[in-house]
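I'm opening my notebook on this one. I want to look up how the helices pack and what sits in the middle.

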Amino acid sequence: MHREALAGNPNPSRHLQALHFLGALARINKLRARKSPPSRRATALGGRRITRAAYAAMAVAAGPRRAWSRAILLGLRRNSIAKPFLIKKRILKPHRELRDVGSRAEEMEFGSLLDETLNYIHHLTAQVGIMQKIADSLCK
Amino acid sequence: MSSAWTGRARATDDDIKELVAKLQSLLPEARRRSSGRTSAAKLLKETCSYIKSLQREVDDLSDRLSDLISAMDDNSAQAEIIRSLLS
C-alpha cells in the first residue's frame with residue numbers, strides 16, 4: 001500500500017478543470033448568442049447545460065482512472081446529467097448507496113470507496129470555487 | 001490515487017483510519033462530532049449530505065452563471081470569460 005496513494009489526491013488538475021469549464025462556458029455563450037432574444041425556457045436550459053459542463057470538467061480533470069469520473073463521462077455520452085453519487089434521496093444504507101452509485105456494478109472495496117469519495121469531494125469543491133470566481137468576475 | 005489501487009490488496013485498518021480521518025476533516029465544522037467517536041454509518045451519512053449540498057451549490061451556481069451570461073451582451077461575456085482565463 002503506497003503511502004502517497006492515500007493522499008486523497010489534492011487536485012493538481014485544478015487548472016485543467018478550470019480551463020475545460022471556461023471553454024465549455026464560452027461555447028455555451030456562443031450558442032446562446034445565435035438564438036437571441038433568449039426565452040425564459042432558454043435560460044433554464046442554459047443552467048442545465050452549464051451544470052453538465054461543470055461535471056464534464058470535473059470528470060476530465062479527474063481522468064478515466066476514477067469510477068466516478070468514468071460514470072460521468074459515460075453518462076454524458078448518453079446525454080443526461082450524471083450524478084454518480086447520491087441519486088436516491090433516502091439514505092437507507094449510506095454505505096451501500098455510496099457503493100452502488102459510486103461504483104456502478106463494480107465491487108468496490110471499502111478503502112477504494114472512501115478514496116473515490118474523497119477525490120470526488122475534492123473535485124466538487126474545486127468546481128464550486130471555479131464557478132464562484134467566474135460569477136464574481138462577471139458581476140464586476 | 002491511481003486505479004492500481006483497486007487491483008491491489010485490501011486496504012489495511014490503518015489505511016482506512018487515515019482515509020476516514022481525511023474525510024472527517026473535510027466535513028463542515030458544524031457536522032463534526034466534538035465528542036470524538038463517530039460511527040461509520042454516521043460518517044457516511046454526513047458525507048452523503050455534504051456531497052448533496054455541494055451538488056446543490058453547483059446547480060445554483062449554474063443557474064446564476066446562466067443568468068449572468070445571458071444578461072451580458074455577447075462581446076463582453078466572451079471578454080470576461082477570457083479575462084478569467086488569464087487571471
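**Chain A, overall**

I started with burial: 53% of the 140 residues of chain A count as buried. I'm keeping in mind that this is a predicted model.

Next I looked up the secondary structure of chain A and got five helices and zero strands. Reading along the sequence, I noted the pattern α-α-α-α-α.

I also checked how far apart in sequence the contacting residues of chain A are. Taking contacts with a separation of 6 or more, 62% are between residues 24 or more positions apart.

**α5 of A against α3 of B**

Two packed helices are described by the angle between their axes and the distance between the axes, so I looked up both.

Helix α5 of chain A covers residues 110-139, and helix α3 of chain B covers residues 40-71. They pack at an angle of about 25°, and their axes are 9 Å apart. That angle is why I can call α5(A) roughly parallel to α3(B), as the cut-off for that word is under 35 degrees. The crossing of α5(A) past α3(B) is left-handed.

What kinds of residues make up this contact? I wrote down 20 nonpolar, six polar and three charged for α5(A) with α3(B).

**α1 of A against α3 of B**

Then I tried α1(A) with α3(B): their axes come within 11 Å and cross at roughly 50°. These two helices are therefore oblique to each other. Here α1(A) passes α3(B) in a right-handed crossing.

I listed who meets whom. From α1(A) there are A:Phe21, A:Leu25, A:Asn29 and A:Arg32, and from α3(B) there are B:Leu65, B:Ser66, B:Ile69 and B:Ser70. By class, the contact of α1(A) with α3(B) has four nonpolar, three polar and one charged residues.

**The nonpolar core**

Last stop: the largest nonpolar core, which has 45 residues. Which residues have the most contacts inside it? I found A:Phe21, A:Leu124, A:Met131, A:Ile134 and B:Leu65. A:Phe21 and B:Leu65 were already in my list for α1(A) and α3(B).

Both chains contribute here. In chain A, α1 (14-34), α2 (40-62), α3 (67-77) and α5 each supply at least two residues of this core, and so do α2 (13-26) and α3 of chain B. The helix that gives the most is α5(A), with 13 residues.

I picked A:Leu124 for a closer look. Leaving out residues up to four places away in sequence, A:Leu124 touches A:Tyr55 and A:Met58 in chain A. Across in chain B, A:Leu124 touches B:Ile51, B:Leu54, B:Gln55 and B:Val58.

Notes:
Residues numbered from 1 in each chain as written. Chains lettered and ligands numbered in written order. Predicted model: local features only at pLDDT ≥ 70, side-chain atom pairs only at ≥ 80, totals over all residues. Heavy atoms only, no water. Axes fitted to C-alpha atoms, helices over the stretch in contact; angles between N-to-C directions. Helix = DSSP H or I, 4+ residues; strand = E, 2+ residues; numbered from the N terminus. Parallel < 35°, antiparallel > 145°, perpendicular 65-115°, else oblique. Left-handed = near helix turned anticlockwise from the far one by under 90°. Nonpolar A, V, L, I, M, F, W, Y, C, P; charged D, E, K, R; others polar. Core = buried A, V, L, I, M, F, W, Y, C linked by side-chain atoms within 4.5 Å. Buried < 20%, exposed > 50% of the residue type's maximum accessible area, 1.4 Å probe, protein only. Contact = heavy atoms within 4.5 Å.
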